[in-house]
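User: I would like to learn how to read the contacts in a protein–DNA complex, taking one feature at a time. Could you take me through this one?

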Number of protein chains: 2
Amino acid sequence: MPGRSRIPKPTAQRMSLYLRELEQRAAEGRRTVSSRQLGTAAGTTDAQVRKDLGSVAHVGRPGVGYDIASLTEAIRSLIGVVQPWRAAIVGAGNIGRALAAYRRFHDHGFEIAAIFDQQPGVVGARISGLQVRGMRDLKDVVAREGIRIGIIAVPPEAAQDVAQALVAAGVRGILNFAPRRLSVPDGVPTVDVDFRSALERLAFEVSDLEAEDA
Amino acid sequence: MPGRSRIPKPTAQRMSLYLRELEQRAAEGRRTVSSRQLGTAAGTTDAQVRKDLGSVAHVGRPGVGYDIASLTEAIRSLIGVVQPWRAAIVGAGNIGRALAAYRRFHDHGFEIAAIFDQQPGVVGARISGLQVRGMRDLKDVVAREGIRIGIIAVPPEAAQDVAQALVAAGVRGILNFAPRRLSVPDGVPTVDVDFRSALERLAFEVSDLEAEDA
DNA sequence: GTTTGTGAACCGTTTCACAGCA
DNA sequence: TGCTGTGAAACGGTTCACAAAC
């Protein structure tokens, strides 16, 4: 029964946005937020926020709002970000390097534990404090380092092979930056990040808007 | 009446995936595809594909499928990707550089026409054949180069200011890589690409799956 | 007065099922 | 037989509206 999730996917997605806002407000020293404030920050309505939070934890107090600390905790545990997820990047090209350099992940429940590449010339180099390893070490390193997430940052032609190697090595989920649909076993969720699709979405919205004006 | 679009957003999003598949099949020398084939490639059902394509153009032939060439053309014009969209990157950090290097955009209706940065040390440098310009040139360059899309690749703290500058300079849409919700006028669509949200989505799906097994 | 929690109504998308064409 | 196009039904998420709590 795959996909029989406790909470709707759109809700889960918005949770990330709430989390972002909660952390920012916590940093500003505040203690509570209202559903309206969260909604504005996340681009939704207050009603939507209350519905979403209803499936999480009942920490809201009428007339006051939500306690930031406990709500943050509740969302973190709901979306499974309590102790850091260890991830490996495959592909030490531009995107791989940019991701490796993005140290901020670490503060938010994710940790880049290794980076791999196929090219002999690249293996052994140091990127953001990590030594690039060859693909043949994949299985070993994934096991030894407790890596659960694989990040694919290779050219589209190689993506499917890398996906298979990652699954064989034992990762539990894949973040895919290659513009290709991966075929992986049901038990391994995949999330695609596709720049081109994002640009196309934007282009569509812009031209849609321009068409309206006519 | 904003958002009164001719076609549903989910449909528009899937169009990108269809396009990807169509181009690949065209490159393989094929002439037609069935709704089932497109559906498999895009992770949907054949019925969904037919519904989606119904709002585009009637080029499907029962018993045969869709003509790849004319369907590609129809989708391109529907989502507004006929002649190249010119875009500018703001932020010559890791992500900005990775995007600038991603030459493949060019083949698919998008063109990086300029890259900007604030830091004096970076301005003037060459990145992937583009000379980095200072922010003060933004308005001029956007106008002169016919830039319609702004890509934000700066730290979150700076994102809102950059967004405002881009809007003031006249861009029609913004692709935002900073993990911050931008507030921009209604007439300027924004699409967010947030690595952290993507990772959290993945983490959620993995832990959801693991919870099921219990 | 403010803000939550929630059943009920609403709305848009997805799925179904089948007639019609090649 | 293979596949499209499309009404109609089913589904799931969003919005509404209001009683209850502070």
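User: Where does a polar side-chain atom of A:R14 lie with respect to DNA strand D?

Analyst: In this predicted model, a polar side-chain atom of A:R14 lies 2.9 Å from a phosphate oxygen of DNA strand D. Chain B also reaches phosphate oxygens of DNA strand D, with an N or O atom in the side chain of B:Y66 at 2.8 Å and a polar backbone atom of B:G60 at 3.3 Å. The elements that contribute two or more residues to the surface near DNA strand D are α1 and α3 of chain A, together with α3, β2 (60-61) and β3 (65-67) of chain B.

User: Which residues come nearest to DNA strand D, and which element gives the most to the surface near it?

Analyst: There are 20 residues around DNA strand D, of which A:R14, B:S35, B:R50, B:K51 and B:Y66 come nearest. The element that gives the most to this surface is α3(A), with 3 residues. Sorted by class, the surface near DNA strand D has 6 nonpolar, 7 polar and 7 charged residues. On the side of the nucleic acid, 59% of the atoms of DNA strand D within 4 Å of the protein belong to sugar or phosphate, and the rest belong to bases.

User: How many residues surround DNA strand C, and which are the closest?

Analyst: DNA strand C is surrounded by 19 residues, and the closest are A:S35, A:R50, A:Y66, B:P8 and B:R14. Sugar and phosphate make up 62% of the atoms of DNA strand C that come within 4 Å of the protein. The individual polar pairs show which part of the strand is approached: a polar side-chain atom of A:K51 lies 3.0 Å from a base oxygen of DNA strand C, whereas a polar side-chain atom of B:Q48 lies 3.0 Å from a sugar or linking oxygen, and a backbone N or O atom of B:P62 lies 3.1 Å from a sugar or linking oxygen. Two or more residues of the surface near DNA strand C come from each of α3 (46-54), β2 (60-61) and β3 (65-67) of chain A, and from each of α1 (9-27) and α3 (46-54) of chain B. The largest share, 3 residues, is that of α3(B), and by class the surface has 6 nonpolar, 7 polar and 6 charged residues.

User: Turning to the protein chains, how much area do chain A and chain B bury between them?

Analyst: The size of an interface is often given as the accessible area lost when the parts come together. Here chain A and chain B bury about 6300 Å² between them, with 62% of it on carbon and sulfur atoms. Within the area that chain A buries against chain B, A:R20, A:R196 and A:F204 supply 12%, more than any other three residues. The contact takes 75 residues from chain A and 75 residues from chain B.

User: How many salt bridges are there between chain A and chain B, and which residue forms one with A:R148?

Analyst: The count between chain A and chain B is 10 salt bridges, and the structure holds 26 over all chains. The pair A:R148 and B:E210 joins two chains, because A:R148 lies in the loop between α6 (138-145) and β8 (149-152) of chain A while B:E210 lies in helix α8 (residues 195-213) of chain B. The closest N and O atoms of A:R148 and B:E210 are 2.9 Å apart in this salt bridge. Across the interface there are also 17 residue pairs in polar contact, counting those with both residues at pLDDT 80 or more. On the side of chain A that touches chain B, the largest share, 18 residues, comes from α8(A), and by class this side has 39 nonpolar, 15 polar and 21 charged residues.

User: What rotation superposes chain A on chain B?

Analyst: Two copies of a chain are related by a rotation about an axis and a shift along it. In this case a rotation of 180° with 0.0 Å of shift along its axis superposes chain A on chain B, with an RMSD of 0.1 Å, and that is the relation of a two-fold axis. The same surface serves both copies, since 100% of the contact residues of chain A recur in chain B.

Conventions:
Residues are numbered from 1 along each chain as its sequence is written. Chains are lettered from A and ligands numbered from 1 in the order in which they are written. This is a predicted model: local features need pLDDT of at least 70, side-chain atom pairs count only at pLDDT 80 or more; totals for chains, interfaces and linings use all residues. Side-chain values use heavy atoms; hydrogens and water are left out. A residue is near a molecule or strand if one of its heavy atoms lies within 4 Å of it. A polar contact is a pair of N or O atoms within 3.5 Å; within protein, one must be able to donate a hydrogen and the other to accept it, and residues adjacent in sequence count only if both atoms are side-chain atoms. Helices (H or I, at least four residues) and strands (E, at least two) are DSSP runs, numbered from the N terminus. Ala, Val, Leu, Ile, Met, Phe, Trp, Tyr, Cys and Pro count as nonpolar, Asp, Glu, Lys and Arg as charged, and the others, Gly among them, as polar. Contact means heavy atoms within 4.5 Å. Buried area is the accessible area (1.4 Å probe) that two parts lose on being put together, summed over both. A salt bridge is a side-chain nitrogen of Lys or Arg within 4 Å of a carboxyl oxygen of Asp or Glu. Copies are superposed by least squares on the C-alpha atoms of residues with pLDDT of at least 70 in both.
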